[in-house]
Amino acid sequence: MTPEAKVKKRVRAELEKRDGVYYFMPATGGYGRSGVPDIVGCFLGKFFAIECKAGTGKTTALQDRELTKIIQADGKAIVVNENNIHLVGEMLNEIQTQVLHTT
């Protein structure tokens with residue numbers, strides 16, 4: 001398993017701890033849109049995206065563009081590696097807090 005695949009596995013485990021989280025991993029392989037984050041989903045009606053990197057891996061310009069577009073559309077977008085997996089839980093907590101305060 002590649003280092004990035006290990007990060008994706010840990011992220012999926014974090015997402016699966018929460019009831020009500022829907023997510024999937026888009027297949028890009030030449031047919032998809034370039035730069036789409038590794039994991040996209042929805043939690044409590046809020047769209048989120050997670051780009052997974054290993055070590056000091058950096059996002060590409062295309063990935064940065066897609067993440068920015070998601071944020072501009074009022075979605076949540078984060079970049080995680082093996083050292084900051086906790087950001088997944090923090091993002092979900094932020095969504096939950098935001099939704100509870102607007103209802």
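Is tyrosine 22 buried or exposed? Tyrosine 22 counts as exposed, at 51% relative accessibility. The threshold for that label is over 50%. The model shown in these views is predicted.

**View 1. The aromatic pair of tyrosine 22 and phenylalanine 24.** The structure holds one aromatic pair. Its members are tyrosine 22 and phenylalanine 24, and their arrangement is tilted. The ring centres lie 6.1 Å apart, with 50 degrees between the planes. Phenylalanine 24 is partly exposed, at 37% relative accessible area.

**View 2. Helix H1, residues 3–16.** H1 has 14 residues. At 1.5 Å a residue, a span of 20 Å is expected, and the end C-alpha atoms are 20 Å apart, which agrees. Val7, Lys8, Val11 and Leu15 are buried in this helix. Seen down the H1 axis, the buried residues fall within an arc of 100 degrees, so they line one face. An α-helix has 3.6 residues a turn, so residues three or four places apart point the same way. Pro3 and Glu16, on the other side of H1, are exposed.

**View 3. Cover over the buried residues of H1.** Several elements contribute to this cover, including strands S1 (21–24), S2 (39–43), S3 (46–52) and S4 (76–80). Helix H3 (86–102) is also among them.

**View 4. Isoleucine 78 in strand S4.** Isoleucine 78 has a relative accessible area of 16%, so it is buried. Leaving aside neighbours within four places in sequence, isoleucine 78 is in contact with Ala49, Ile50, Glu51, Leu87, Val88 and Met91. Methionine 91 sits 13 residues away along the chain, and the C-alpha atoms of isoleucine 78 and methionine 91 are separated by 8.1 Å.

How values were computed. Residues numbered from 1 in each chain as written. Predicted model: local features only at pLDDT ≥ 70, side-chain atom pairs only at ≥ 80, totals over all residues. Heavy atoms only, no water. Phe/Tyr/Trp six-rings, centres within 6.5 Å; stacked < 30°, edge-to-face > 60°. Buried < 20%, exposed > 50% of the residue type's maximum accessible area, 1.4 Å probe, protein only. Helix = DSSP H or I, 4+ residues; strand = E, 2+ residues; numbered from the N terminus. Expected span 1.5 Å × (residues − 1). Arc of directions from axis to C-beta. Contact = heavy atoms within 4.5 Å.
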